[in-house]
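Dear colleague,

Please find below the structure that I am handing over to you. My findings on its nonpolar cores and aromatic residues follow it.

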Amino acid sequence: MSGKKEIRERLAKHLIGGEAFMSVTEMLKKISFEDINTRPGNLPYSIYELFYHIVFAQKDIVKYTCSDDYTEPKWPDYYWPKEKICRSAVEWETLKAEYTTDRERLKIFLLKEENKLMQPVKNGKGEQTLLRETMLVIEHNAYHTGQMMVILRLLNLH
């Protein structure tokens, strides 16, 4: 196995999560729909708000990395939910499905050897390589996963 293939596979594992922290997918299994909108203590966000942000940011990076039709969304307006409350279980399940679909799309793109790790991605210039954009998703998701874990603990769910 070539070193580059091993790097791609390691990055793909980190996209899924669970290496040094609980994966987002596992974390979401610990909270009911009834609790996702709760802002415990003095926290300015809920699990729903954080997860929405994770999903949108990941979707934006995946489109930036993999699509020919990328348009930059307005920061910060589109990166956080307009409604602070998820109103239906269907909406919640749709959001979770989007997260999984986009993560899988990036993983498949990453594992294809013709997509060079150190060349600029489709909409990138200079340092905006596949390696950088993949690391950006991993780091961003890990950061907000930690915040979600705090909420789970404050709600006595972990």
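Phe56 and Tyr79 are both buried (under 20% relative accessible area, with a 1.4 Å probe and protein chains only). This is a predicted model, in which local features need pLDDT of at least 70 and side-chain atom pairs count only at pLDDT 80 or more, while totals for chains, interfaces and linings use all residues. Residues are numbered from 1 along each chain as its sequence is written, and side-chain values use heavy atoms, without hydrogens and water.

Seven aromatic pairs are found in a search of the whole structure; rings of Phe, Tyr and Trp (its six-membered ring) pair if their centres lie within 6.5 Å. The ring centres of Phe56 and Tyr79 are 4.9 Å apart and the planes stand at 80°, so this pair is edge-to-face (over 60 degrees). Because Phe56 belongs to helix H3 and Tyr79 to the loop between H3 and H4, the pair ties together parts 23 residues apart in sequence; helices are DSSP runs (H or I, at least four residues), numbered from the N terminus. One aromatic cluster is formed by Tyr48, Phe51, Tyr52, Trp92 and Tyr99.

The largest nonpolar core (buried Ala, Val, Leu, Ile, Met, Phe, Trp, Tyr and Cys residues joined through side-chain atoms within 4.5 Å) has 20 residues, and Leu28, Ile47, Phe51, Trp92 and Met148 have the most contacts inside it. Helices H2 (24-28), H3 (47-66), H4 (89-111) and H5 (130-154) each supply at least two of its residues, with the largest share, six residues, coming from H3. A second, separate core of 16 residues includes Leu15, Tyr64, Leu117 and Ile138.

Yours sincerely

Conventions
Buried < 20%, exposed > 50% of the residue type's maximum accessible area, 1.4 Å probe, protein only. Phe/Tyr/Trp six-rings, centres within 6.5 Å; stacked < 30°, edge-to-face > 60°.
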